[in-house]
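Work through the exercises below with the model open beside you. Try each task before you read its solution.

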Amino acid sequence: MNKKKILIFGLLALIFGGLLAYYLINKKDQNQLIVTVDSSLSSDKIRIDQGFYSINEGSDENLIKMGLNKVVYKDSKETSFETICGENDFLVVYDNEYYSILRHFIPNDFYDGIPEPHTYNFDFKRNGDKINLTLHIEGEDGEKFERVMEKVADAKNNIWGRQIEK
């Protein structure tokens, strides 16, 4: 009976080890982040945070002060990051003067729960005294967002980058 248990345990360990090796060999690539700016702007002045931001906050003031969980772009340098099934929020700040908040929702695929990597293309263009931001997400759950960035000075009167309705 003892040899039978050892054989079963060894077989289970072999199967588990094989599955782990398969996962590591076929591990999905990370997301990619691309930032482009027009000639009147500088990519060195952009900071992009990724994480989760609750709509239940009173205003965007704390978000601007604290940021989100992880800085994924700063000083023209990208940091690798993973997205999850569900809400993936991005706080985009230009020169500590303008900001925008975007949410990329990735539905759960119910098979492995791990979303495929995406390419996040952030494009900034100056339009007079405003900055237009376009985020084009390429991948299985791709989307496109276009926003006029809000002034950081107005964050206490905004929620999710829009004026609080009273």
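The exercises that follow go from the overall fold to single residues of this predicted model.

**Exercise 1. The element list**

Task: State how many helices and strands the protein has, and give their order from the N terminus on.

Solution:
- Step 1. Count the elements. The protein has two helices and twelve strands.
- Step 2. Walk along the chain from the N terminus. The elements run α-β-β-α-β-β-β-β-β-β-β-β-β-β.
- Step 3. Add the overall burial. Of the 166 residues in the protein, 33% are buried.

**Exercise 2. The four-stranded sheet**

Task: Find the strand order of the open sheet with mixed pairing, then name its edge strands.

Solution:
- Step 1. Read across the sheet. Its four strands stand in the order β1-β7-β8-β9.
- Step 2. Look for strands that pair on one side only. These edge strands are β1 (32-37) and β9 (143-148).
- Step 3. Check the twist. From one strand to the next, it averages 15°.

**Exercise 3. Pair by pair**

Task: For each neighbouring pair in the order β1-β7-β8-β9, give the direction and the number of bridges.

Solution:
- Step 1. Recall what pairing is. Strands of a sheet pair through backbone hydrogen bonds, either parallel or antiparallel.
- Step 2. Take β1 and β7. They pair in the parallel sense over six bridges. Leu-33 stands opposite Tyr-120 in β7.
- Step 3. Take β7 and β8. They run antiparallel and are joined by nine bridges. Asp-123 has Thr-134 in β8 as its bridge partner.
- Step 4. Look at the link between β7 and β8. The two strands form a hairpin, with two residues between them. In the turn, Gly-128 has a positive phi of about 70°.
- Step 5. Take β8 (residues 130-138) and β9. Their pairing is antiparallel, over six bridges. Asn-132 faces Val-148 in β9 as its opposite residue.

**Exercise 4. The six-stranded sheet**

Task: Give the order of the open sheet of six strands, and explain why one side of each edge strand has no neighbour in the sheet.

Solution:
- Step 1. Read the order. It is β4-β3-β2-β5-β6-β10, with antiparallel pairing.
- Step 2. Go to the edges. β4 and β10 (150-151) each have a single partner strand, so one side of each is left without a neighbour in the sheet.
- Step 3. Zoom in on one pair. β2 and β3 run antiparallel and are joined by four bridges. There, Arg-47 has Lys-74 in β3 as its bridge partner.

**Exercise 5. The largest nonpolar core**

Task: Name the residues that touch the most other members of the largest nonpolar core, and the strand that gives the most to this core.

Solution:
- Step 1. Start from a general trend. In soluble globular proteins, nonpolar side chains tend to be buried together.
- Step 2. Find the best-connected members. The core has 23 residues, and Ile-48, Phe-122 and Phe-124 touch the most other members.
- Step 3. List the suppliers. At least two residues each come from β1, β2 (46-51), β3, β5, β6, β7 (119-127) and β8.
- Step 4. Pick the top one. β8 gives the most, with four residues.

**Exercise 6. Nonpolar residues on the surface**

Task: Find the residues of the nonpolar surface patch, then classify Ile-15 as buried, partly exposed or exposed.

Solution:
- Step 1. Name the members. Ile-8, Leu-11, Leu-12, Leu-14 and Ile-15 form the patch. Together they have about 520 Å² of accessible area.
- Step 2. Place Ile-15. This residue is found in helix α1 (residues 2-25).
- Step 3. Classify Ile-15. Its relative accessibility is 48%. Exposed needs over 50%, and buried needs under 20%. So Ile-15 counts as partly exposed.

**Exercise 7. Three loop residues**

Task: Place Ser-76, Asn-96 and Thr-79 in their loops, and classify how exposed each one is.

Solution:
- Step 1. Take Ser-76. Its loop lies between β3 (70-74) and β4 (77-78). Ser-76 is not a glycine, yet its phi is positive, about 65°. With a relative accessible area of 33%, Ser-76 is partly exposed.
- Step 2. Take Asn-96. Its loop lies between β5 (86-94) and β6 (98-106). Asn-96 is not a glycine either, yet its phi is positive, about 50°. At 62% relative accessible area, Asn-96 is exposed.
- Step 3. Take Thr-79. Its loop lies between β4 and β5. Thr-79 counts as partly exposed, at 35% relative accessibility.
- Step 4. Compare sequence and space. Thr-79 and Gln-32 are 47 residues apart in sequence. Their C-alpha atoms are 9.1 Å apart in space.

Key:
Residues are numbered from 1 along each chain as its sequence is written. This is a predicted model: local features need pLDDT of at least 70, side-chain atom pairs count only at pLDDT 80 or more; totals for chains, interfaces and linings use all residues. Side-chain values use heavy atoms; hydrogens and water are left out. Buried means under 20% relative accessible area, exposed over 50%, partly exposed in between (1.4 Å probe, protein chains only). Patches are made of residues with over 30% relative accessible area and no salt bridge: like charges are joined within 9 Å, nonpolar side chains (Val, Leu, Ile, Met, Phe, Trp, Tyr) within 5 Å. Accessible areas come from the Shrake-Rupley method with a 1.4 Å probe; for residues, only the protein chains shown count as cover. A salt bridge is a side-chain nitrogen of Lys or Arg within 4 Å of a carboxyl oxygen of Asp or Glu. Two strands pair if DSSP finds at least two bridges between them. Axes are lines fitted to C-alpha atoms, for helices over the stretch in contact, and angles run from 0 to 180 degrees between N-to-C directions. A nonpolar core is a set of buried Ala, Val, Leu, Ile, Met, Phe, Trp, Tyr and Cys residues joined through side-chain atoms within 4.5 Å.
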